Structures are given as structure tokens and as C-alpha cells.
Amino acid sequence: MSFINDDFILKGESAKKLYHEYAKDLPIIDYHCHLIPRQIAEDYKFKNAYDLFLGGDHYKWRQMRSAGVDEEYITGNADDFEKFKKFASVMPMLIGNPLYHWTHLELKRYFDIDETLDENTAEMIWNKCNELLARDDFTAKNLILKSNVEIICTTDDPADDLKYHKQLKEEGFACRVLPTFRPDKCVEINKPGFTQYINQIGVKSYNELLKWLNSRIMYFNDMGCRLSDHALEFVPFGSGDAEAVFKAKMSGSDISSEDEQAYKTAILSFCAAKYSELDWTMQLHIGALRNNNTRMFQKLGPDTGFDSINDLCIAEKLSRFLDNLDSADSLPKTILYTLNPKDNYVLGTMLGNFQRAPYKCKIQFGSGWWFNDNKDGMEQQMSALANLGMLGGFVGMLTDSRSFVSYPRHEYFRRILCNLVGGFVDNGEYPKDWKNLEIIIKDICYYNAKKYFNF
């Protein structure tokens with residue numbers, strides 16, 4: 001019998017009731033992920049279990065490196081089964097790591113495998129997974145449908161033509177696949193590749209860039225986009241001549257930190273005003289320190305498992321940025337995510353400064369992100385929100401994943417949520433008011449997101 005049983009993580013009777021009766025069967029709204037739209041539209045068929053479980057998954061790559069696995073078996077040219085077997089050999093050491101739970105949830109939910117993955121079971125599990133993956137009902141689309149996913153929001157560059165989103169819409173795929181506007185390459189003026197990107201999109205001046213961004217936002221809106229996303233080490237706030245800064249950068253001049261912040265503030269504020277006009281939600285992902293390992297970045301590029309948590313002070317500039325937008329009546333619905341849990345209370349208190357009717361929880365504290373989407377991280381994020389704000393208004397979980405079998409992360413979240421709330425009930429901190437508890441759980445798992453994003 002698998003340790004992934006019906007009451008996995010659920011400790012008390014209240015937690016079990018909340019999960020099994022209210023949370024378990026709700027559809028999934030995955031409002032932030034990194035699935036590749038082409039793979040959905042073309043109904044990608046996975047070559048084998050390595051392709052499904054390990055291809056592109058830098059969470060797993062990091063742990064394999066920690067175990068001393070040679071890079072040849074991680075991102076190198078080793079045989080796919082040998083790579084899978086190396087990962088299997090690492091699994092028993094991952095006690096307490098969410099990867100252990102996620103992997104076994106995925107094996108159970110999609111392949112009905114109860115055995116735990118290790119070096120001894122690797123070949124049997126490999127064969128069973130591959131046998132099912134060879135079937136026509138284990139393609140990308142079918143895995144989405146098996147997961148009860150209602151809406152997927154991918155993450156897309158403004159220059160993307162969104163042809164795969166259009167294709168999916170025209171064919172009437174049962175799960176709505178919507179784009180998300182991610183203009184980081186236009187914002188990060190001091191990052192490598194900025195001038196090449198600006199030249200590539202055919203923009204010649206700062207005013208042309210604003211017009212281009214406006215036109216792309218409108219195009220994304222017509223294609224069903226309702227969210228933007230911005231990855232920021234910290235939220236900038238500065239003043240200055242953004243047009244002059246842009247011109248200097250495009251002419252090859254170095255840009256000071258102060259000028260960089262002035263430019264970023266202007267671009268982000270311009271976009272935010274447009275988001276507000278269209279009733280979009282702006283997501284700010286704050287606090288990643290990326291590409292720490294120069295040697296491996298040069299070898300493998302970004303998003304390969306060499307990022308970590310930054311420890312900058314974020315409160316003052318974030319406050320001034322949000323306040324400046326609010327003062328101009330151009331602050332959109334906003335979700336604030338922190339990668340550093342030291343800032344849970346910073347964001348948890350920042351929300352209350354800018355809430356505004358008619359929205360319920362217009363400014364949201366985003367779910368435990370990246371290094372925080374584990375049991376402790378989710379509990380800490382939700383406890384901070386409960387202590388400082390309104391847990392009942394929370395829009396809940398997302399996968400933030402490139403994997404088509406990552407949807408059990410929603411189950412994982414729902415179990416942790418129900419265990420947390422069930423603990424409040426069993427400890428006498430909230431009454432056994434099942435009518436209101438049902439509303440709270442169902443809202444956090446599904447209905448809050450459905451209403452908030454106005455899909």
C-alpha cells in the first residue's frame with residue numbers, strides 16, 4: 001500500500017472532512033504556469049518517463065547534483081533510462097523534500113503506481129509508465145483533462161504571435177488555454193540581450209516602445225489574456241528621464257543604477273495603468289537571485305537549476321511604487337509573491353494599504369512560490385495571510401511548472417490548506433461552522449480565482 005493514502009497529510013477529523021467533502025473534486029484554475037503552448041496545441045506525445053518527469057525540470061536537477069550525480073546523467077547525453085535510474089537512486093534521500101511527495105503523487109494519480117521510487121523499483125516503474133505513455137490517452141491534452149483543469153494561463157513574451165492559443169480556442173479544447181503577458185525583456189534594461197530584443201521587435205525610440213507595448217497588451221487582451229507577470233529582484237521606484245535612459249542604452253552607453261530604476265519604474269507604471277484599464281491582474285514575483293553559477297550558465301543557459309533566494313530590503317520601494325499607481329487611480333489588481341520568507345509579513349501587511357472596493361482582496365499575497373512551494377512554505381504563507389489579512393479571500397494555488405503532470409501540486413496544496421484550517425477548528429480557534437468552512441475552502445481552492453481574474 002502506498003504511503004500516498006486517502007488521508008495523506010490530513011491529521012484530524014476536521015481536516016479530513018474539509019478535504020474529502022469540499023476541496024478534493026473541485027476543478028483546477030492554473031493561473032500561472034510555464035507549460036509550452038505548442039506542446040498543448042500539437043497534443044505532444046511523451047517519448048518516455050524521462051521526457052515526462054525529468055525533461056526541463058530543474059527542481060529535480062538540483063537534487064541530483066546535490067547527490068553527486070554527474071551532469072552527463074542530468075542535462076548531458078546519457079541514455080534516458082540511465083538518467084531516470086539516477087534520479088530514482090536519489091529519491092530515498094529526499095525525505096522532507098516536496099519532490100518526494102510530488103513524484104509519488106504523480107506516479108499514483110496518473111499511473112496508479114503505489115511502489116516508492118528508488119534504484120530497485122526504477123526499471124519496473126519505467127516500464128509501467130512507458131507502457132501507458134505509448135497509449136493515445138496519455139498525450140499532453142489528455143493529461144490536462146485527466147487532471148480536471150478548467151483554465152491554464154501560460155507565460156508568454158509580448159512578441160509572441162499566440163498562434164497556438166488561437167488554434168486551441170478555434171478547435172474548442174475543453175480546457176481554456178490563455179496567455180499571460182510577460183514583458184521582462186522590455187523592462188530589464190541592464191540585462192544581457194536588451195538591445196538585441198529591442199532591435200528584433202523593430203522599435204527605434206522610447207515612444208515607439210510604449211506604443212508597441214500598448215498594441216501588444218491589446219492583442220493579448222483580445223486573445224483572452226487577463227494577467228501579466230513580472231520577475232523582479234525587487235520592485236524599483238525612481239524618477240528621471242526614461243526616454244533619455246532608453247536612448248543612451250540603445251547607443252551603447254552604460255546605465256547607472258539610478259537611471260535603470262527610473263526607466264523600470266516608468267515602463268512598469270505605463271503597463272500597470274493599461275492593466276488597470278483592462279481589469280487585468282498584475283503579478284509581481286519578487287526576490288530571485290538568478291544564474292549564480294557563471295560556469296554552468298555559460299554551459300547550459302538560464303532556468304537550469306542555479307537560482308536562489310535574494311535577501312534585499314523590498315518594503316519601501318514596493319510601497320512607493322504601489323502608492324504612486326494608486327494615487328493616479330491606475331493600480332490594477334495585484335498579486336505579490338516573495339521568494340524570501342523573511343518578507344512574508346512585509347507583503348502580508350502591504351496588502352492592507354491598498355485594498356479598494358468593489359474588489360474582495362484586490363491586492364493578494366501570492367501562494368508559496370518556487371523554494372516556498374513546500375509544506376512549511378505554504379503553511380507559513382497562509383498563516384501570515386491569516387494573521388495579517390483575510391485568508392478567506394485568497395486566490396489559492398498555481399503550479400508555476402513546465403510539467404504536464406504537476407497538477408497534483410494543487411492536491412498537495414489543498415491537503416495542506418485543509419490540514420491548516422482543520423487545525424484551527426480542532427484547536428478551538430474557529431467554530432465547527434461547516435457552512436462557512438465549506439465556503440472558505442471552496443473559495444480558496446477555486447471560486448475566488450474564478451471571480452477575481454474575471455475569466
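The following questions and answers go through the strands, pockets and cavities of a predicted model.

Trainee: What kind of model is this, and which pLDDT do local features need?
Mentor: Residues are numbered from 1 along each chain as its sequence is written, and side-chain values use heavy atoms, with hydrogens and water left out. The model is predicted: totals for chains, interfaces and linings use all residues, side-chain atom pairs count only at pLDDT 80 or more, and local features need pLDDT of at least 70.

Trainee: What is the order of the strands in the open sheet of three strands?
Mentor: Strands (E, at least two residues) and helices (H or I, at least four) are DSSP runs numbered from the N terminus, and two strands pair if DSSP finds at least two bridges between them. The pairing in this open sheet is parallel. Its edge strands, β1 (28–30) and β3 (176–178), each pair on one side only. The order is β1-β2-β3.

Trainee: Which residue in β2 stands opposite Asp-30?
Mentor: β1 pairs with strand β2 (residues 149–153) in the parallel sense, over three bridges. Opposite Asp-30, in β2, stands Ile-152.

Trainee: Is strand β8 mostly covered or mostly open, and how many of its residues are buried?
Mentor: Buried means under 20% relative accessible area, exposed over 50%, and partly exposed in between, with a 1.4 Å probe and protein chains only. One side of β8 carries Lys-333, Ile-335 and Tyr-337, the other Thr-334, Leu-336 and Thr-338, and all are buried. Strand β8 (residues 333–338) is thus mostly covered, and the number buried is six of six.

Trainee: Which residue is the bridge partner of Thr-334 in β9?
Mentor: β8 pairs in the parallel sense with strand β5 (residues 281–286) over six bridges. Three bridges also join β8 to strand β9 (residues 363–365), and these two run parallel. In β9, the bridge partner of Thr-334 is Ile-363.

Trainee: Which helix joins β8 and β9 in a β-α-β unit?
Mentor: A crossover is right-handed if, with the strands pointing away from the viewer, the path from the first strand over the helix to the second runs clockwise. The unit with β8 and β9 is right-handed, and its helix is α17 (residues 344–350).

Trainee: Which element gives the most to the lining of the largest pocket?
Mentor: On a 1 Å grid over the protein atoms alone, a pocket is an open set of points with protein on both sides within 12 Å along at least five of seven lines; a cavity is a set where a 1.4 Å probe fits but cannot get out, and lining residues have an atom within 4 Å of a point. The largest pocket holds about 1500 Å³ of space, and among the residues closest to its centre are Arg-182 and Asp-303. With four residues, the element that gives the most is α14.

Trainee: What is the volume of the second largest pocket?
Mentor: A volume is the space filled by probe spheres set on the grid points, which are joined across faces, edges and corners. This pocket is lined by 20 residues, with Tyr-19 and Glu-411 among those nearest its centre. Helix α19 gives the most to the lining, five residues. The volume is about 410 Å³.

Trainee: Which element supplies the largest share of the lining of the largest cavity?
Mentor: The structure holds three cavities of 30 Å³ or more, and the largest has a volume of about 60 Å³. Its 13 lining residues include Thr-338 and Gln-381. The largest share, three residues, comes from α18.
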